[in-house]
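Student: Could you take me through one part of this model up close? I'd like one connected story rather than a list.

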Amino acid sequence: METLLFIILIFMVGGWLLRRLAPYILLHVFKRLASRQGSFYQAPPRETNSRQEGEVKVDRQQSQKKKKIKQEIGEYVDFEDVQN
């Protein structure tokens, strides 16, 4: 009986503490996440090439070769519905 009361008391005190401390814990977690996101979205360093301001560089990707399928693959089989 004492063990059951002790377990209930632990849950009640733990719930009360969690409700009181949750805002502070969440605030700390969100601040850490925001600082990580801020460093992730920082602008990359500028290129020091000899390009003039307003000049645009376009990198074109080579077009992918289309795969050709041979027409002679397999053979045609006429389907016939057979009923017993």
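Tutor: Sure, let's look at the nonpolar patch on the surface, bearing in mind that this is a predicted model. The patch is formed by Leu9, Val13, Trp16, Leu17, Leu21, Tyr24, Ile25, Leu26, Val29, Phe30 and Leu33, and together these residues have about 1,100 Å² of accessible area. Take Leu17, one of the patch members, as a way in. Leu17 sits in helix H1, which covers residues 2–40. The protein has one helix and zero strands, so H1 is the helix you'll see when you scan the fold. Is Leu17 buried or exposed? Neither, quite: its relative accessibility is 38%, and because buried means under 20% and exposed means over 50%, Leu17 counts as partly exposed. That value also clears the patch cut-off, which asks for over 30%.

Now slide along to Ser35, which is in helix H1 too. Ser35 has a relative accessible area of 48%, so it is partly exposed as well. Its side chain has a partner, though: it reaches the backbone oxygen of Arg32 at 2.8 Å.

Step back to the whole protein and the picture fits. Buried residues make up 0% of the 84 residues. The protein exposes about 10,200 Å², with carbon and sulfur atoms supplying 57% of that area.

Methods. Residues numbered from 1 in each chain as written. Predicted model: local features only at pLDDT ≥ 70, side-chain atom pairs only at ≥ 80, totals over all residues. Heavy atoms only, no water. Helix = DSSP H or I, 4+ residues; strand = E, 2+ residues; numbered from the N terminus. Buried < 20%, exposed > 50% of the residue type's maximum accessible area, 1.4 Å probe, protein only. Areas by Shrake-Rupley, 256 points an atom, 1.4 Å probe, with all protein chains shown as cover. Patch = residues over 30% accessible without salt bridge, like charges linked within 9 Å, V, L, I, M, F, W, Y side chains within 5 Å. Salt bridge = Lys/Arg side-chain N within 4 Å of Asp/Glu carboxyl O. Polar contact = N/O pair within 3.5 Å; in protein donor to acceptor, adjacent residues only side chain to side chain.
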